[in-house]
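User: I should like to learn how to read the features of a protein model. Could you please guide me through one, step by step?

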Amino acid sequence: MILTTTHNIENFKIVDYLGIVTGSAYDSSYSSNGKKMSFTDMFSMSKYREMYTLGLEAIKEKAFQNLKENAIKLGANAVVGIQLDVEPLANSNTLLVSITGTAVKAE
């Protein structure tokens with residue numbers, strides 16, 4: 001499946017626009033590969049940044065998988081115009097990643 005932030009795909013022709021698709025995921029554990037951030041790690045900026053980055057990447061990957069699954073349900077082979085939004089939820093350490101794009105058939 002082709003995923004792009006642009007509204008067209010170089011060397012491809014979009015033959016059908018199938019609709020808007022979304023993918024979202026959230027997590028509050030800041031974990032990566034089963035490793036969670038310890039209490040003392042929260043006070044180490046380098047550890048905090050590392051775990052935050054790895055956790056964010058894992059959440060983004062889940063959201064992209066959801067996006068692709070939703071596009072496949074519509075019969076798409078590509079998603080164009082992708083926009084990604086990362087939001088921390090108020091009064092918690094939960095991150096929400098939401099991805100939106102247009103499902104298309106491209107040849």
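**Strands, sheet and surface**

Analyst: Strand β1 (residues 2–3) pairs with strand β3 (residues 78–88) in the parallel sense, over two bridges. Two strands count as paired if DSSP finds at least two bridges between them. Within this pairing, Ile-2 has Ala-78 of β3 as its bridge partner. Please note that this is a predicted model, in which local features need pLDDT of at least 70 and side-chain atom pairs count only at pLDDT 80 or more, while totals for chains, interfaces and linings use all residues. Residues are numbered from 1 along each chain as its sequence is written, and side-chain values use heavy atoms, with hydrogens and water left out.

User: Which elements does the protein chain run through from the N terminus on?

Analyst: Helices (H or I, at least four residues) and strands (E, at least two) are DSSP runs, numbered from the N terminus. Here the chain has one helix and four strands, in the order β-β-α-β-β.

User: In which sense do β3 and strand β4 pair, parallel or antiparallel?

Analyst: In general, strands of a sheet pair through backbone hydrogen bonds, either parallel or antiparallel. In this model, β3 and β4 (residues 95–106) are antiparallel and share nine bridges. Among the bridge partners, Val-86 is matched with Val-97 of β4, and Val-80 with Thr-102 of β4. The two strands form a hairpin with six residues between them, and Asn-91 in the turn has a positive phi of about 60°.

User: What is the order of the strands in the sheet?

Analyst: The order is β1-β3-β4-β2 in an open sheet of four strands with mixed pairing. Strands β1 and β2 (14–27) stand at the edges with a single partner strand each, so one side of each has no neighbour in the sheet.

User: How many salt bridges does the structure hold?

Analyst: Side chains of opposite charge can pair when their charged atoms come close. The term requires a side-chain nitrogen of Lys or Arg within 4 Å of a carboxyl oxygen of Asp or Glu. The structure holds one: Glu-57 with Lys-60, whose closest N and O atoms are 3.2 Å apart. Both residues lie in helix α1 (residues 45–73), three residues apart, about one turn of the helix.

User: Where does the relative accessibility of 41% place Glu-57?

Analyst: Buried means under 20% relative accessible area, exposed over 50%, and partly exposed in between (1.4 Å probe, protein chains only). At 41%, Glu-57 is therefore partly exposed. Lys-60, at 21%, is also partly exposed. Over the whole chain of 107 residues, 30% are buried.

User: Which residues form a nonpolar patch on the surface?

Analyst: Patches are made of residues with over 30% relative accessible area and no salt bridge; like charges are joined within 9 Å, and nonpolar side chains (Val, Leu, Ile, Met, Phe, Trp, Tyr) within 5 Å. Met-1, Leu-3 and Ile-72 form such a patch, with about 270 Å² of accessible area together. Areas come from the Shrake-Rupley method with a 1.4 Å probe; for residues, only the protein chains shown count as cover. Ile-72 lies in helix α1 and counts as exposed because its relative accessibility is 56%.

User: How far apart are Ile-72 and Val-104 in sequence and in space?

Analyst: They are 32 residues apart in sequence and 9.9 Å apart in space, C-alpha to C-alpha.
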